[in-house]
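Here is a short briefing to read alongside the structure. Take a moment to look at the model before going on to the notes below.

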Amino acid sequence: MADKREAHLAMIQGVINRLGQNSFLLKGWSVLLVSALLAVAASSSEDWILPVAFLPALAFWGLDGYYLRQERLFRRLYDHARQADDADVDYGMDTGLFQPAERWRSVVVSRTLSAFHGTLVAAVVIVTIIAFTRG
């Protein structure tokens, strides 16, 4: 029975690893896309490009919140599967039992996401304000 538990925990851990990798890649794409839009705005005389940088910054923030929420749900499932009786190992991957504990909105405004994405959005705000006050 211990082999079943280890296989189930390995399945859950694989999902957690993929979600963490997706979140990491998303942060990279967010910085890349927002930086590219700011660079294009700086090299052209079109000021309307600056506010467009808000769209990917906010969209990636929300998507990163989704991935972090899913990761937290699967971590709870991991703990639940780790503590379950050997007879209860069923290879279930349903996180529905833990959904009410992890709200998307509270994850999006968590310290981990707000520090990264909030800084990116603040940079876009500052650059936009500077560009519109000079122009």
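## Salt bridges and helix packing

Asp 64 is buried, because its relative accessibility is 0% and anything under 20% falls in that class. This is a predicted model, and that buried Asp 64 makes a good starting point for a tour of its charged pairs and of two helices. In total, the structure holds 5 salt bridges.

**A bridge between two helices**

- The partner of Asp 64 is Lys 27, and the closest N and O atoms of this salt bridge are 2.7 Å apart.
- Distant parts of the chain are linked by this pair, since Lys 27 sits in helix α1 and Asp 64 in helix α3, with their positions 37 residues apart.
- As general background, side chains of opposite charge can pair when their charged atoms come close.

**How the two helices pack**

- Helix α1 covers residues 2–43 and helix α3 covers residues 54–83; their axes lie 9 Å apart, at an angle of about 165°.
- Angles over 145 degrees count as roughly antiparallel, so α1 and α3 are roughly antiparallel to each other.
- The crossing of α1 past α3 is left-handed.
- The residues of this contact divide into 19 nonpolar, 8 polar and 6 charged.

**Bridges within helix α3**

- Arg 75 and Glu 71 meet through their side chains in a salt bridge, at 2.9 Å from N to O.
- Both Arg 75 and Glu 71 belong to helix α3, where they are 4 residues apart, about one turn of the helix.
- The two ends of this bridge fall into separate accessibility classes: Arg 75 is partly exposed, with a relative accessible area of 44%, whereas Glu 71 counts as buried because its relative accessibility is 13%.
- Arg 82 also has a salt-bridge partner, Asp 79, with the closest N and O atoms 3.5 Å apart.
- Arg 82 and Asp 79 lie in helix α3 as well, 3 residues apart, about one turn of the helix.
- Here Arg 82 counts as partly exposed at 42% relative accessibility, and Asp 79 is likewise partly exposed at 36%.

**A shared network**

- Arg 72, Arg 76 and Glu 102 are joined into one network by salt bridges that share partners.

**A question to take back to the model**

- Which residue pairs with Lys 27 in a salt bridge? The residue is Asp 64, which is buried at 0% relative accessibility.

Methods. Residues are numbered from 1 along each chain as its sequence is written. This is a predicted model: local features need pLDDT of at least 70, side-chain atom pairs count only at pLDDT 80 or more; totals for chains, interfaces and linings use all residues. Side-chain values use heavy atoms; hydrogens and water are left out. Axes are lines fitted to C-alpha atoms, for helices over the stretch in contact, and angles run from 0 to 180 degrees between N-to-C directions. Angles under 35 degrees count as roughly parallel, over 145 as roughly antiparallel, 65 to 115 as roughly perpendicular and the rest as oblique. A crossing is left-handed if the near helix is turned anticlockwise from the far one by less than a right angle, and right-handed if clockwise. Ala, Val, Leu, Ile, Met, Phe, Trp, Tyr, Cys and Pro count as nonpolar, Asp, Glu, Lys and Arg as charged, and the others, Gly among them, as polar. A salt bridge is a side-chain nitrogen of Lys or Arg within 4 Å of a carboxyl oxygen of Asp or Glu. Buried means under 20% relative accessible area, exposed over 50%, partly exposed in between (1.4 Å probe, protein chains only).
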